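Reader: I'd like to walk through how the helices pack in this one. Can we take it a step at a time?

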Amino acid sequence: MLKPQILLVTYPAQGHINPGLQLAKRLVSIGVQVTFVTTVCAIRRMNKTSIPDGLTFGSFSDGYDDGFKPGDGDDIYWAELRRVGSQTLTEFVVASTEQGKHYSCIIYSILLPWIEKVAAAVNIPTTLFWNQTATMLDVYYYYSNGYGDVIKNNINDPSFSLKLQGLPELNSRDFPSFFVSSNPYPLALPLFQEQIEILDQQSHPRILVNTFDALESEALKAINHKYNVVGIGPLIPSAFLDGNPSDKCFGGDIVKNSSSSSSSKDSYMEWLDSKPESSVIYVSFGSMSVLSKPQMEEMARGLLGTASPSIVLPEAILPTTPFVSSPASSVSPTANVGISLGCSRPTNTPPLTPAKFSTPPTTRFLWSEMAARASRV
């Protein structure tokens, strides 16, 4: 019996590639053959470690195979990603079909709504992989369905709050920064709105979300009258859940460490190894975050107040402040490594214990159902 085959396409950013790869591994573990696809530039940079049998890689061009071109703005890149990406991804699917690979479904991550048209052209059903939280999915849905004006007109008011069905009361600071007029990525919000409009045209579409029931039970149900929202997370390596102990990393790092930063990396790892197990607080804001100096100072105060060793990534967002600039209290920062806020942990404080997650029964059922459904197509 032939194994079902799925094409999984992600936006070429680490926060999309990592959970996407983990989803691919989970599907492979239940008998699905997965082709993981992102842009040529990202595929070239990926280290591709911890990859199981049944998972293969492919790429499509976004017009920037050798990296971002100096002088091109975000508007040019997004336009080229859509124009060139639509053409080259279509060519990839057609070529795969000619080689005997018949994909029964295309799963794609956020920020790529144009993939719906590609899939329609090659007559393959799609499923959206929402690699953010269910709460954010709900917020973008409500923004695009009746609440856009009230949010847009009040988002800069610190006292503004809004109660949306199925969600706790949200203050202005709780909404995505893409809603704020000073947002440096003005093209992101229209992409999310386009994605919601596409979903609204479908009949109760299934959306795979990187979350789990115990974390966002209400958010997962908030818009189930419109979408079939299913938590399939947390999408982290199986060794940290209840799966394969050899799966300890995502295997898709696209950040390359230069020789000039290797000593810094060694110092970073040495510093980590010197700390008690499960004692370091890790904070990451993603590659597109823009935080103000007051926000970073407030976070630094909070981390220092925990008296726990802490690491904040990416370092590029950290301004020079009295809280992060002391050489005596931090690992030497580099663009690839980040920075450690240097508190010594009190000897009488027990190590932090990470939460132990197990794959929810609904998630295990979903993966099995997807495999069975794909085999029938």
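Author: Sure. One definition to begin with: axes are lines fitted to C-alpha atoms, for helices over the stretch in contact, and angles run from 0 to 180 degrees between N-to-C directions. Keep in mind that this is a predicted model.

Reader: At what angle do helix 5 and helix 7 pack?

Author: Helix 5 covers residues 134-154 and helix 7 covers residues 213-221, with their axes 8 Å apart. The angle between them is about 20°.

Reader: Is helix 5 roughly parallel or roughly antiparallel to helix 7?

Author: Angles under 35 degrees count as roughly parallel. The angle here is about 20°, so helix 5 is, relative to helix 7, roughly parallel.

Reader: Which residues in helix 7 do Ala134, Thr135 and Asp138 meet?

Author: By class, this contact between helix 5 and helix 7 has 3 nonpolar, 1 polar and 2 charged residues. On the helix 7 side, the partners are Glu216, Ala219 and Leu220.

Reader: Is Met136 buried or exposed?

Author: Met136 sits in helix 5. Buried means under 20% relative accessible area. Met136 has 17%, so it counts as buried.

Reader: Leaving aside neighbours within four places in sequence, what is Met136 in contact with?

Author: One partner is Asp174, 38 residues away along the chain, with a C-alpha separation of 10.0 Å. The full set of contacts is Trp130, Asp174 and Pro176.

Reader: Which helix gives the largest share of the largest nonpolar core?

Author: That core has 58 residues, and Trp130, Tyr140 and Phe175 are among those with the most contacts inside it. Phe175 touches Val139 and Ile151, among others. The largest share, 9 residues, comes from helix 5.

Note on methods. Residues numbered from 1 in each chain as written. Predicted model: local features only at pLDDT ≥ 70, side-chain atom pairs only at ≥ 80, totals over all residues. Heavy atoms only, no water. Helix = DSSP H or I, 4+ residues; strand = E, 2+ residues; numbered from the N terminus. Parallel < 35°, antiparallel > 145°, perpendicular 65-115°, else oblique. Contact = heavy atoms within 4.5 Å. Nonpolar A, V, L, I, M, F, W, Y, C, P; charged D, E, K, R; others polar. Buried < 20%, exposed > 50% of the residue type's maximum accessible area, 1.4 Å probe, protein only. Core = buried A, V, L, I, M, F, W, Y, C linked by side-chain atoms within 4.5 Å.
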